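Trainee: I'm new to this structure and would love a close look at a single part of it. Could you walk me through how one pair of helices fits together?

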Amino acid sequence: MGYVGVGWRAVAAIIDALVLFAVAYVVAAFTGGLTPDGFEVRGGPAFLSFLLWFVYYTGMEATTGASIGKLLLGLRVVQEDGNPIGWPAAIVRNVLRFVDGLFFYLVGALLAWGSPKRQRLGDRIAGTVVIRHRRSTLEAAG
């Protein structure tokens, strides 16, 4: 099983950030947060955006094994034995994303670089790994 390192995971996270940026924009549009310079979300709308972010990652990983970014790159989150992850593992790894994400994901990157299975804290606690599942959609299109 080929474990995926920080680089490909960072690219997937950037793709996911674009998706979540669009979600935050829609939340801002529906809650009066559009401004002449763009948009802003505070208070309730910020909490809603945060909740949707958590539901996005957790729901996508629990049901498909990957976020949109990971799907486009041909990556998959699986249990250490190669089986699909379910809701409990997806919840654990995404709750711990808050710790891994500290200092622009420096904590998660350092942990992954120091792990033979390239696991960040959330992966270690949830018993998951990120693997190359197939050729990426981007490679297939090129």
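**A helix pair up close**

Mentor: Happy to! In this predicted model, helix H2 (residues 44-64) packs with helix H4 (residues 87-95) at an angle of about 145°, and their axes are 8 Å apart. Those two values are a good place to begin, because two packed helices are described by the angle between their axes and the distance between the axes. The crossing of H2 and H4 is right-handed.

Now look at the residues that meet. From H2 come Phe54, Tyr57, Thr58, Gly59, Glu61, Ala62 and Thr63, and from H4 come Trp87, Ala90, Ile91, Arg93, Asn94 and Val95. Sorted by class, this contact has seven nonpolar, four polar and two charged residues.

Let's stay with H4. Ala89, Ala90, Arg93 and Asn94 are the residues to find here: they are buried in that helix. Looking down the axis of H4, you will see its buried residues fall within an arc of 120°, so they line one face of the helix. A general rule helps here: an α-helix has 3.6 residues a turn, so residues three or four places apart point the same way.

What do the buried residues of H4 pack against? Their partners are H1, H2, strand S3 (75-79), helix H5 (97-100), helix H7 (121-126) and strand S4 (128-132). H2, where we started, is thus one of the elements that the buried residues of H4 pack against.

How values were computed
Residues are numbered from 1 along each chain as its sequence is written. This is a predicted model: local features need pLDDT of at least 70, side-chain atom pairs count only at pLDDT 80 or more; totals for chains, interfaces and linings use all residues. Side-chain values use heavy atoms; hydrogens and water are left out. Axes are lines fitted to C-alpha atoms, for helices over the stretch in contact, and angles run from 0 to 180 degrees between N-to-C directions. Helices (H or I, at least four residues) and strands (E, at least two) are DSSP runs, numbered from the N terminus. A crossing is left-handed if the near helix is turned anticlockwise from the far one by less than a right angle, and right-handed if clockwise. Contact means heavy atoms within 4.5 Å. Ala, Val, Leu, Ile, Met, Phe, Trp, Tyr, Cys and Pro count as nonpolar, Asp, Glu, Lys and Arg as charged, and the others, Gly among them, as polar. Buried means under 20% relative accessible area, exposed over 50%, partly exposed in between (1.4 Å probe, protein chains only). The arc is that of the directions from the helix axis to the C-beta atoms.
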